[in-house]
Amino acid sequence: MEVESVTEEVEVHNKDGELEVAPALIAVHPTQHSLVVAIGSDLRVFNLQGGCPVILGDGSGGHKDSIRAKSYGANGKVFVSAGDDKLVKIWTTDSWRCIYNVSSEKRVTAVAISNDGQYVSFADKFGVVWVVELEGLNENSAVIDKKPAPMFSHYCSIITGLDFSPDGKYIVSADRDFKIRVTAFPTKPQDGAHEIQSFCLDIQSLYPVSPSFAVRIIHMGFLFLEVVIQQQVISRMYTFGWACGCCGCCF
């Protein structure tokens, strides 16, 4: 389960000197072992079972700019953080060490981890979705730099959310122009994901993908997606920002 919060905001400046506001992000471990809070470029972890803060191990020095996206893996063994420093950091939650660094060409807006923990996917502000394969969780080695491969694109629209289906067959992406794409996740994602299973343009509908898997788009002042398996909601993916629902200009 993951929760996003805007109760605390951090003021930062972009390259043009304009004032930006970075929302605080919160993520909860799937079995509630830990809690992660990202405030600006600062990543804070709290051990819920031990009732104490966790010291992060990152030989590369941590994030240098605001964190915009975060995600736990389905089993909670992997955590991913990314943001305006164009850096995707992959952590093992057993020791909270950063084991992989992935450099993005542009700022990162969304991240997701496949349910088997084998792949990390992320999207940038240009609308491109990338993928990187994880080669084990070796906590004793130094931080490894990984090179991502592009999978598909939303064509210049900022992607606000990514999520994998529980069976790993699909990856769902949403952007600020009310477009929801359900893409078949290929056996070799580094070669690209070219098969679109569903493409959703409405703002309040249920789109069947397979007999047991569907995507519901709901508008309640803001947009969020629900992944529905056998008529039960098993995952929610929120978009950023508020909208009136009549057009895409509010996003």
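User: Asn101 first: buried or exposed?
Analyst: Asn101 is buried, at a relative accessible area of 6%. Keep in mind that this is a predicted model.

User: Why does 6% count as buried?
Analyst: Because the cut-off for buried is under 20% relative accessible area, and Asn101 comes out at 6%.

User: Which strand is Asn101 in?
Analyst: Asn101 sits in β9.

User: Which side chain makes a polar contact with the Asn101 side chain?
Analyst: That of Lys89. The polar contact between the two side chains is 2.7 Å.

User: What else is Asn101 in contact with, leaving aside neighbours within four places in sequence?
Analyst: On that basis, Ser60, Leu87, Val88 and Lys89 are in contact with Asn101. So are Val143, Ile144, Asp145 and Lys146.

User: OK, zoom out. What sheet is β9 part of?
Analyst: An open sheet of five strands, ordered β6-β7-β8-β9-β13, with mixed pairing. Its edge strands are β6 (67-72) and β13 (144-146), and each of these pairs on one side only. On average, neighbouring strands in this sheet are turned by 20° against each other, direction ignored.

User: How many bridges between β8 and β9?
Analyst: Six, and the two strands pair in the antiparallel sense.

User: What stands opposite Thr92?
Analyst: Arg97, in β9.

User: What lies in the loop between those two strands, β8 and β9?
Analyst: Trp96 is found there, between β8 (87-92) and β9 (97-103). Trp96 is not a glycine, yet has a positive phi of about 55°.

User: Why flag that?
Analyst: Because most residues other than glycine have a negative phi.

User: And is Trp96 buried or exposed?
Analyst: Buried, with a relative accessible area of 4%.

User: Which other non-glycine has a positive phi?
Analyst: Gln32 is one of them, with a phi of about 60°. Gln32 is in the loop between β2 (19-28) and β3 (34-39).

User: Switching to packing. Which residues touch the most other members in the largest nonpolar core?
Analyst: Val80, Val88, Ile90, Val111, Val120 and Phe122. That core has 18 residues.

User: Which strands supply at least two residues each?
Analyst: β7 (78-83), β8, β9, β10 (108-113), β11 (119-124) and β12 (128-133).

User: What is Phe122 in contact with, again leaving aside neighbours within four places?
Analyst: Its contacts include Val88, Val102, Val108, Val111, Val129, Trp130 and Leu162. Ser104 and Pro148 are also among them.

User: What's in the second core?
Analyst: That one is separate and has 15 residues, including Ala112, Ala123, Ala149 and Met151.

User: Now the four-stranded sheet. What's the strand order?
Analyst: β15-β16-β17-β18, forming an open sheet with antiparallel pairing. At the edges are β15 (159-164) and β18 (196-200), each paired on one side only. Neighbouring strands here are turned by 15° against each other on average, direction ignored.

User: How many bridges join β16 to β17?
Analyst: Five join β16 (residues 170-175) to β17 (residues 180-184), and the strands run antiparallel.

User: What is the bridge partner of Ser173?
Analyst: Arg181, in β17.

User: Last one, Gln197. Where is it, and how far is it from Thr183?
Analyst: Gln197 is in strand β18. Its C-alpha lies 5.3 Å from that of Thr183, with the two residues 14 apart in sequence. Gln197 is partly exposed, at a relative accessible area of 30%.

Conventions. Residues numbered from 1 in each chain as written. Predicted model: local features only at pLDDT ≥ 70, side-chain atom pairs only at ≥ 80, totals over all residues. Heavy atoms only, no water. Pairing = 2+ DSSP bridges. Axes fitted to C-alpha atoms, helices over the stretch in contact; angles between N-to-C directions. Buried < 20%, exposed > 50% of the residue type's maximum accessible area, 1.4 Å probe, protein only. Polar contact = N/O pair within 3.5 Å; in protein donor to acceptor, adjacent residues only side chain to side chain. Contact = heavy atoms within 4.5 Å. Core = buried A, V, L, I, M, F, W, Y, C linked by side-chain atoms within 4.5 Å.
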